[in-house]
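The following exchange asks on what grounds certain structural labels are applied to a protein model. Each answer sets a computed value against the criterion behind the label.

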Amino acid sequence: MARAGLPTADFRQGLLETYAVNDRMNQILLERLDPSAWRAKPPGRNTRTIAAIFAHMHNVRRKWLRLSAPHLKLPEQLDRTRCTQQQARTALAKSALCCSEMLAQALGPTENRVKQFRRDGWARPWPAGAAMLSYMIVHDAHHRGQICMLAHQVGFPIKAGYEIWVWEKLWRQCGFSGGPQ
């Protein structure tokens with residue numbers, strides 16, 4: 001660890017790269033998802049469509065940014081009932097960049113360091129740091145699982161199952177050379 005309890009620059013960079021790879025997984029699902037699955041009615045009552053889940057993922061990131069890093073410019077909100085796959089891809093890429101900036105400030109020694117992570121208005125804030133990053137990645141992973149399951153249930157399984165687990169390749173696709181640390 002670096003001075004004042006902050007991670008070293010290399011460790012911090014590894015964490016930021018991990019978040020970028022997390023979003024690359026989302027992008028792969030969007031790229032491989034059959035357009036017929038986008039608004040397909042899922043089984044059960046009151047179940048979100050795949051479009052609504054991707055919109056939720058983006059809009060929750062906006063909430064985290066608004067509550068935890070209000071000095072950062074927010075990307076546009078997605079309408080879960082109207083957004084297209086391409087709009088979701090673009091929006092998720094933008095919100096991932098903003099969240100990466102928030103994480104860089106949370107994990108770094110900068111003047112305008114993000115000091116707290118506010119998940120929601122009703123939740124107590126957490127100190128910014130590793131738990132914040134973990135929560136953000138787990139949130140995406142949870143919804144990726146839902147999306148893969150729903151795509152299969154509506155008859156359009158995503159043909160990217162193992163691709164999102166080849167981290168060394170994902171790292172290179174994101175432009176990083178070191179690979180998982």
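Q: Which residues does Trp-38 touch, not counting residues up to four places away in sequence?
A: In this predicted model, Trp-38 touches Leu-30, Leu-33, Thr-49, Ile-50, Ala-51, Phe-54, Cys-83, Thr-84, Gln-85 and Ala-88. Contact here requires heavy atoms within 4.5 Å.

Q: What makes a set of residues the largest nonpolar core, and which have the most contacts inside it?
A: Membership requires buried nonpolar residues joined through side-chain atoms within 4.5 Å. The largest such set has 28 residues, and those with the most contacts inside it are Leu-33, Trp-38, Ile-50, Phe-54, Ile-147 and Ile-158. Helices α1, α2, α3, α4 and α5 each supply at least two residues of this core, and the largest share, 6 residues, comes from α2. A second, separate core of 22 residues includes Ala-69, Leu-72, Met-102 and Ile-137.

Q: How do you know whether the span of α2 agrees with its number of residues?
A: The 19 residues of α2 should span 27 Å at 1.5 Å a residue, and the end C-alpha atoms are 27 Å apart, so the two values agree. This helix is also mostly covered, since 15 of its 19 residues are buried.

Q: What span is expected of α4, and how far apart are its end C-alpha atoms?
A: For the 24 residues of α4 the expected span is 34 Å, while the end C-alpha atoms are 35 Å apart, which agrees. The buried residues of α4 include Met-132, Leu-133, His-139, Asp-140 and Arg-144. Among the elements that cover the buried residues of α4 are α1, α2, α3, β1 and β2.

Q: Why is Asn-22 called buried?
A: Buried means under 20% relative accessible area. The value for Asn-22 is 2%, and therefore this residue is buried. Asn-22 is found in helix α1. Leaving aside its neighbours within four places in sequence, Asn-22 is in contact with Arg-61, Ile-137, Asp-140 and Arg-144.

Q: Why is Gly-155 called exposed?
A: The label requires a value over 50%. Gly-155 has a relative accessibility of 51% and therefore counts as exposed. Gly-155 lies in the loop between α4 and α5, and its phi is positive, near 95 degrees. Gly-155 and Thr-47 are 108 residues apart in sequence and 16 Å apart in space, C-alpha to C-alpha.

Q: How do you know whether Glu-17 has a salt bridge?
A: A salt bridge requires a side-chain nitrogen of Lys or Arg within 4 Å of a carboxyl oxygen of Asp or Glu. For Glu-17, the nearest side chain of opposite charge, that of Arg-12, is 11 Å away, and Glu-17 has no salt bridge although it is buried. Glu-17 is in helix α1 and touches Trp-171 and Phe-176, not counting residues up to four places away in sequence.

Q: Why is Cys-99 not bonded to the closest cysteine sulfur?
A: A disulfide needs two cysteine sulfur atoms within 2.5 Å. The closest cysteine sulfur to that of Cys-99 is in Cys-98, at 7.0 Å, and is therefore too far for a bond. Cys-99 is buried, with a relative accessibility of 0%. The sulfur of Cys-99 is in turn the nearest cysteine sulfur to Cys-174, at 15 Å, and Cys-174 is in no disulfide. The count of disulfides comes to 0.

Q: What makes Cys-174 partly exposed?
A: Partly exposed covers values between the buried limit of 20% and the exposed limit of 50%. Cys-174 has a relative accessible area of 25%, so this residue is partly exposed.

Definitions and conventions. Residues are numbered from 1 along each chain as its sequence is written. This is a predicted model: local features need pLDDT of at least 70, side-chain atom pairs count only at pLDDT 80 or more; totals for chains, interfaces and linings use all residues. Side-chain values use heavy atoms; hydrogens and water are left out. Helices (H or I, at least four residues) and strands (E, at least two) are DSSP runs, numbered from the N terminus. Buried means under 20% relative accessible area, exposed over 50%, partly exposed in between (1.4 Å probe, protein chains only). The expected span of a helix is 1.5 Å times one less than its number of residues. Lys and Arg count as positive and Asp and Glu as negative; His and the chain ends are not counted.
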